[in-house]
Every structure is written in C-alpha cells, then in structure tokens.
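Hi,

Here is the structure I promised to pass on. Have a look at it first, then read my notes below.

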Amino acid sequence: MTRRIKVLLLLLFAITLLSACEEKLTASGKPQVVRVGVFKNVTHAAAYIALEKGYFAREWGDEVKIEVTPFDNGSDLSIAMATGDIDVGFVGPGPATTFFLKSGNFRVVSGSNNGGAVLVARSDAGIQTTADLRDKTIAIPAKGNTNEISLRLLLQQAGISLGRGKENAHLIVRSPADTLISFRQKEIDAALVPEPWGTQIEKAGLGKVVADWQAIPPNNGDYPTVIMVASDTFIAKHRDIVKGAIKANLDGITFIQSSPEQAYDLINNQLKKYSGKGMDKSLIKASLSRLKLTTDVNVKVMEEMAKVSIGARYIKGIKPEELDLSRFVDLSMLSEVKAGK
C-alpha cells in the first residue's frame, strides 16, 4: 500500500469519525436525542415527575428521544456536563460550581429545590445540639458536595473547627445508605444527609434529627440543593429545547405542590427505575416536607457556598473577593418561560 493511499485512508477515517460525532437532527431541526442527567435521589422529585408525566416529551415532541443517565453524586454529573456527555442535568450547586470554574462551558438555567438536608445524631452519642459536635465524627455523602459546605458553615456557627484534635470535629465520607450501617456499628456520631436518610435513621431507632432543614446553613435552609444546568453548546444550538426542559421542571414542581398524594407514587416509579428499588411512601412524604420546591436561584447564596469551597481548597486559583458567579447563572430562559414566551 502506497504512502498516498495510507494518508487518504487516514483522512477518510478521520472524516468518518467526525461525521459520527456530529449531532443528528430531526426533520424539524431538533436533536434526535436529548441526554438528561439526574440523581438516584428523591430530592430530584421535580425531574422525576417531569419524566413520569411526560412533560419533557410534551415540550420536545415525540421525535426526540430522551436518554436519561442516573448518577450517584454531583461530581460525576458535573464532569459529564463539563465534558459534553449530557445536555441537561439536575445537580447540587457545590460540585457544579467547582467544575464550572474549571471548564466554564455550562450554565445554571433554573432552580428545582432548596434545602432538604438534616443533621442527624446517633442516639447514644451525647449530641443534643450542634454545640455538642466537638470531638465527634460526622459523615457527609461526598467530599466537596453541598452537604459538606453546609456542615462547614454549621460548625463555624458553633465555633468548632474541623481537624484531628479533641477540640475539633472529625469529617468522614459515607454514602447515605452506608450511614445506617455506620450508626449501627458506632463508627460515626452524626451525619449531615439529604432526606429521607435522616427520617430513615430516626425510624430505625438509631438516631434523631438535631438540626432540621431550616436550621441548616446557609440562609436558614433556603439555599439551592438541586439546580438545572445545560451546556453552552446545547443552549446555543437548541435554546427552545432548554426552555422546554425548564417548563417541564416548572410543571413538575406545580404538580407535586397541587397533587402531593399522586406525586408520591409517581416519584417512587422513577426511583425504582433508576436506583433499582423503591421507597416507602411515608419517607417520600417526609422528604418533600423538608425542602422548598422552587425554580428560583439565589446567586448570592451560591457565592457564599462557593467561598466555603475556596476555603476548603476544592476551588483553587481564585480568591474569595474575586468570585463572581453572575456568568454561571443565566435565568433569561426561565424568565421567558414564566412570561409565556
């Protein structure tokens, strides 16, 4: 085979590869597939309702295939968003902000819910208030996530530092499911977890909630827990599709608020589908009673949370006084949806 033919074959292979990577569109110019990321968590209730009730399909049309990817944590979802593996996602602000500051190629387009986390303490750990967390081992679901940010702020309020000394609180990472086991084995004294895990621990007789969701900082529980993000490329190409996702999320929130009893079963259907197991209806009800469903996004609160991540060195190369997340949050499409445009 001559050198010229080899070069031509390589060029042909490269062209074929590029063509395969090109987005395929429907006859009407919509993407054939929209890739949506969610958590295997009841806090993503609005997204679950939008999927179960067909709100995304209603907004996008039957010719658009919805490809849902469930994630276990915000870091994995944020990486998938930053690398272009998903188009629209529901995620916590902690990891999303961290990866936005690294990649700068996706935006917050709507809120979904605020709050929803509680501080639960083991029954025999001697913890009555947050002031008793000194020299205690406290679990969080993942490093750098929204719950860790809240825990750091909660400890600051109590005048307690994280560290290894007796006067410090001690941080440990345990998935919410493993928290139950850790309580039984007395490996941890407390945990700051999203619901329904606090309620589950209470029902199992292993602990009690010592700081309810409205006592969790920042902003007395009214901080973004689940936000909707979309990639810059996808927004530029398919702004109407992103607006459709925002409308589906908004309608999901409205349905839960107006028909909660119906919503519990629909949410459970999605939990079964993406996590492999359902949840007792009472736990779903308890979870939704400890959060605020909203499309609002408080940028100042998000900046406060990001400054905690800077202090913990999860976000590097930027000073707290230099932080400006106004470019990260684009609520123009949300405003258009609310105005019926």
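**Aromatic rings and a helix pair**

Phe-100, Phe-106 and Phe-328 come together as one aromatic cluster. Bear in mind that this is a predicted model.

So how many aromatic pairs does a search of the whole structure find? The answer is five. In one of them, the ring centres of Tyr-48 and Tyr-274 are 6.4 Å apart and the planes sit at 25 degrees, so this pair counts as stacked. Tyr-48 belongs to helix H2 (residues 45–52) and Tyr-274 to helix H11 (residues 260–275), so the pair ties together parts that are 226 residues apart in sequence. Are these two tyrosines, Tyr-48 and Tyr-274, buried or exposed? Both are buried.

Back to the cluster: the rings of Phe-100 and Phe-106 have centres 6.2 Å apart, but their planes are at 85 degrees, so that pair is edge-to-face. Phe-100 is buried, at a relative accessible area of 2%, and Phe-106 is buried too, at 1%.

There's also a charge over a ring: Lys-102 lies over the face of Phe-99, 4.8 Å from the ring centre.

Now the helices. The axes of H2 and H11 come within 9 Å and cross at roughly 90 degrees, which makes H2 roughly perpendicular to H11. On the H2 side, the residues in contact include Tyr-48, Ile-49 and Leu-51, and on the H11 side they include Leu-266, Ile-267 and Tyr-274. Sorted by class, the contact of H2 with H11 has nine nonpolar, two polar and one charged residues.

Cheers

Conventions. Residues numbered from 1 in each chain as written. Predicted model: local features only at pLDDT ≥ 70, side-chain atom pairs only at ≥ 80, totals over all residues. Heavy atoms only, no water. Phe/Tyr/Trp six-rings, centres within 6.5 Å; stacked < 30°, edge-to-face > 60°. Helix = DSSP H or I, 4+ residues; strand = E, 2+ residues; numbered from the N terminus. Buried < 20%, exposed > 50% of the residue type's maximum accessible area, 1.4 Å probe, protein only. Lys NZ or Arg CZ within 6 Å of the ring centre and 35° of its normal. Axes fitted to C-alpha atoms, helices over the stretch in contact; angles between N-to-C directions. Parallel < 35°, antiparallel > 145°, perpendicular 65-115°, else oblique. Contact = heavy atoms within 4.5 Å. Nonpolar A, V, L, I, M, F, W, Y, C, P; charged D, E, K, R; others polar.
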